[in-house]
Amino acid sequence: MEAIVELKKVTKIIKGRKIIDNISFQVNKGEVFGFLGPNGAGKTTTIRMIVGLMGITSGDISINGASIKSEFEDAVRNVGAIVENPEMYKFLSGYQNLIHYARMAKGITKEKIAEVVELVGLTNRIHDKVKTYSLGMRQRLGLAQCLLHDPKVLILDEPTNGLDPAGIREIRDYVRRLAREKNMAVIVSSHLLSEMEMMCDRIGIIQNGQLIDVQEMKEFVHGNETAFELEVAPSEKALSIVKSFFPNTHASYSLNGMKVDLPKDDIPKLVKLLVQEEIQIFTIKETAKTLEDRFLEVTREKGEANHG
């Protein structure tokens with residue numbers, strides 16, 4: 001894999017507070033890299049530094065081998081980005097907006113404009129005024145604008161914000177296609193786990209300004225343990241038994257009793273313990289861990305490791 005974006009020990013301090021704390025990662029050509037974390041974790045700040053909208057306190061970012069600090073124009077020439085919402089001239093048509101943006105870069109032909117318009121599926125509406133566009137259409141026009149100069153890197157900050165399910169699916173499909181067909185590196189930031197699962201090849205998890213993990217999406221989703229849901233009574237007593245005999249296991253109340261993260265081999269042992277303690281067991285079922293479960297697990301583990 002060929003890295004095209006590289007963050008090296010990047011830190012951002014604002015008014016004495018570390019907003020971004022020494023983060024390093026790289027993004028390769030042809031992949032969709034998800035930048036995942038709760039709101040306020042530092043995703044947008046990092047993206048603003050990558051595109052040069054915000055200075056870097058220490059460390060460096062290189063894009064296609066050029067440093068954002070010392071070779072700014074060479075670096076950003078390779079980037080197309082939507083940070084938060086795409087801003088358009090609403091009184092102009094979609095096409096007039098694109099003509100206006102095309103003037104800012106060299107060598108963008110009318111054929112190129114027609115090609116990106118078709119790519120984002122706006123051919124039928126491109127001559128209508130932007131004020132008549134839905135939010136999804138504006139997002140697609142923003143995407144077209146990003147692609148006019150054939151960037152090597154596309155950066156989308158919360159691209160599905162405010163979109164309906166059909167709009168979300170469209171954006172997701174375009175993103176995957178661009179990475180695959182144009183060998184483009186795409187960085188997508190989001191706090192929507194389900195979206196990232198369908199869109200990304202790898203994800204970097206950011207929390208409180210620290211990059212706590214970078215994983216292949218497949219590995220992240222599947223994790224290494226299974227979860228089981230037990231319908232038991234009394235559930236309070238059952239939960240305290242689990243916590244005392246399996247202290248390293250995450251256990252919590254669920255709708256029907258309790259949920260435990262245990263390898264399958266330990267379930268007979270657990271059943272025996274519960275029966276000995278006169279806990280009634282009605283059902284035991286294996287549950288697939290949700291992406292949310294995995295995310296909370298990873299952030300919890302790393303948080304504990306950092307504070308331990």
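Trainee: Which residue in strand 5 stands opposite I63?
Mentor: Good place to start, but note that this is a predicted model, where local features need pLDDT of at least 70, side-chain atom pairs count only at pLDDT 80 or more, and totals for chains, interfaces and linings use all residues. Residues are numbered from 1 along each chain as its sequence is written, and side-chain values use heavy atoms, leaving out hydrogens and water. Strand 4 (residues 58–63) and strand 5 pair in the antiparallel sense over two bridges; two strands pair if DSSP finds at least two bridges between them. Across from I63 in strand 5 you will find A66.

Trainee: Which strands stand at the edges of the open sheet, and why is one side of each left without a neighbour?
Mentor: Four strands form this open sheet, with antiparallel pairing, in the order 2-1-4-5. Each edge strand has a single partner strand, so one side of it has no neighbour in the sheet. The edge strands are strand 2 (17–28) and strand 5 (66–67).

Trainee: How many helices and strands are there in the protein?
Mentor: Both are DSSP runs numbered from the N terminus: helices are H or I with at least four residues, strands are E with at least two. The C-alpha trace that carries them spans about 80 × 45 × 35 Å along its principal axes. The count is eleven helices and 14 strands.

Trainee: In the hairpin of strand 9 and strand 10, which residue takes a positive phi?
Mentor: Strand 9 (residues 202–207) and strand 10 (residues 210–216) pair in the antiparallel sense over six bridges, with I203 opposite Q215. The hairpin has two residues between the strands. The one with a positive phi, near 50°, is N208.

Trainee: How much space lies in the largest pocket?
Mentor: On a 1 Å grid over the protein atoms alone, a pocket is an open set of points with protein on both sides within 12 Å along at least five of seven lines, whereas a cavity is a set where a 1.4 Å probe fits but cannot get out; lining residues have an atom within 4 Å of a point. Here 25 residues form the lining, and V79, Y101, M104, A105 and H149 lie nearest the centre. Points are joined across faces, edges and corners, and the volume is the space filled by probe spheres set on them. For the largest pocket that gives about 760 Å³.

Trainee: Which element supplies the largest share of the lining of that pocket?
Mentor: Helix 2 (72–76), strand 6 (79–82), helix 3 (94–102) and helix 5 (135–147) each supply at least two residues. The largest share is four residues, and it belongs to strand 6.

Trainee: How many charged residues line the largest cavity?
Mentor: This cavity holds about 40 Å³, and its lining is K112, E115, V116, L119, L147, D150, K182 and M184. Asp, Glu, Lys and Arg count as charged, Ala, Val, Leu, Ile, Met, Phe, Trp, Tyr, Cys and Pro as nonpolar, and the others, Gly among them, as polar. By class there are four nonpolar and no polar residues, while the charged ones number four.

Trainee: What share of the 308 residues is buried?
Mentor: Buried means under 20% relative accessible area, exposed over 50%, and partly exposed in between, using a 1.4 Å probe and protein chains only. By that cut-off, the buried share of the residues is 48%.
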